[in-house]
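Thank you all for coming; I would like to walk through one structure this morning, going slowly for anyone who has not looked at it before. Please keep the view in front of you while I talk.

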Amino acid sequence: MAELLHYGFVLLTGGRDTQGGPVVTLPSMQNRKDPGPDELVPCLKYYIQIPSEETKRKGFSAIVDTRDGSWANLNMVMSCLRQTMGGYLKQVLVVVHEHDKRANQSTSLGSEPQFVTPNLLHRYIDPKQLTFDLGGHMEYNHDIWLRNQLVSS
């Protein structure tokens, strides 16, 4: 499991959405191959067990950063999120470029993806709760987080 987590396919940075629910991020793959379900599902299952039951009941917000072409198979990503998070999945925010016509066309929440630009993302999650790559102010180092998590497990 540690090896899969090391790749950083999925991040649980400690950020919270505007209702206090945990934020799980599927970051840009930065020219790496998108993971398949066999890699994505175990990571999501691991992360969903970390927050308390009370926090989970507030619902997870999933952020999927597609701006560099990552996560091209959004149907697969959505399937993995639904499969692992079930009723805990509150919203899926797919980050697209500023000029993407899909951005903010609907305001539906729940298991259907909401396409947002980085600026519109701030309507759902305060910039203090987002990492720098998403236009936020939160410092996050996945290697340090992983090292601390594996020591405490």
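Gly36 is partly exposed, because its relative accessible area is 21% and the cut-off for a buried residue is under 20%. I should say at once that this is a predicted model, so the values I quote are computed from it. Gly36 sits in the loop between S1 and H2, and if you look from there to Glu112, you will find that the two C-alpha atoms are 20 Å apart in space, with the two positions 76 residues apart in sequence.

Let us move on from that loop into helix H2, which covers residues 37-48. Its twelve residues, at 1.5 Å a residue, should span 16 Å, and because the end C-alpha atoms are indeed 16 Å apart, the expected and the modelled lengths agree. Which residues of H2 are buried? They are Leu40, Val41, Cys43, Leu44, Tyr46, Tyr47 and Ile48.

Leu40 deserves a pause, since its contacts beyond four places in sequence are with Val10, Leu26, Trp71, Met76, Val77 and Cys80. Leu40 also belongs to the largest nonpolar core, a set of 33 residues in which Val10, Leu40, Val77 and Leu81 have the most contacts. At least two residues of this core come from each of strand S1 (23-26), helix H2, strand S2 (60-65), helix H4 (74-85), strand S3 (89-95) and helix H6 (142-152). Apart from this core there is another one, made of eleven residues, and Leu93, Val116, Ile125 and Leu134 are among them. As background, nonpolar side chains in soluble globular proteins tend to be buried together.

One of the partners of Leu40 was Trp71, and Trp71 lies in the loop between S2 and H4. Is Trp71 buried or exposed? It counts as buried, because its relative accessible area is 2%, and the cut-off is under 20%. The backbone is worth a look here too, as the phi of Trp71 is near 60°, which is a positive value in a residue that is not glycine. For context, most residues other than glycine have a negative phi.

After that loop comes helix H4, whose buried residues are Leu74, Met76, Val77, Met78, Cys80, Leu81, Thr84 and Met85. H4 has twelve residues and should span 16 Å at 1.5 Å a residue, and the distance of 16 Å between its end C-alpha atoms agrees with that. Just after H4 you will see Gly86, which takes a positive phi of about 50°.

Let me turn now to Leu134, which I named as part of the second core. Leu134 is in the loop between helix H5 (118-121) and H6, and it is buried, with a relative accessible area of 2%. What does Leu134 touch, once its neighbours within four places in sequence are left aside? Its contacts are Thr25, Ile63, Asp65, Arg67, Val95, Leu121 and His122. Pro27 and Leu134 are 107 residues apart in sequence, while their C-alpha atoms are 8.8 Å apart in space.

In helix H6 we find Leu146, which counts as buried at 6% relative accessibility. Leu146 touches Ala2, Leu5 and His6, not counting residues up to four places away in sequence, and from Leu146 to Ala2 it is 144 residues along the sequence and 8.0 Å in space, C-alpha to C-alpha.

Strand S4, residues 110-116, holds Gln114. Gln114 is buried, with a relative accessible area of 2%, and its C-alpha lies 5.9 Å from that of Val94, which is 20 residues away in sequence.

I will end with the largest pocket, which has about 230 Å³ of space. Its lining is made up of Tyr7, Gly8, Leu11, Pro27, Ser28, Gln30, Arg32, Asp65, Thr131, Asp133, Tyr140 and His142, and these divide into four nonpolar, five polar and three charged residues.

Key: Residues numbered from 1 in each chain as written. Predicted model: local features only at pLDDT ≥ 70, side-chain atom pairs only at ≥ 80, totals over all residues. Heavy atoms only, no water. 1 Å grid on protein atoms, 1.4 Å probe; cavity = no way out; pocket = protein on both sides within 12 Å on 5 of 7 lines; lining within 4 Å. Points joined across faces, edges and corners; volume = space filled by probe spheres on them. Nonpolar A, V, L, I, M, F, W, Y, C, P; charged D, E, K, R; others polar. Core = buried A, V, L, I, M, F, W, Y, C linked by side-chain atoms within 4.5 Å. Buried < 20%, exposed > 50% of the residue type's maximum accessible area, 1.4 Å probe, protein only. Helix = DSSP H or I, 4+ residues; strand = E, 2+ residues; numbered from the N terminus. Contact = heavy atoms within 4.5 Å. Expected span 1.5 Å × (residues − 1).
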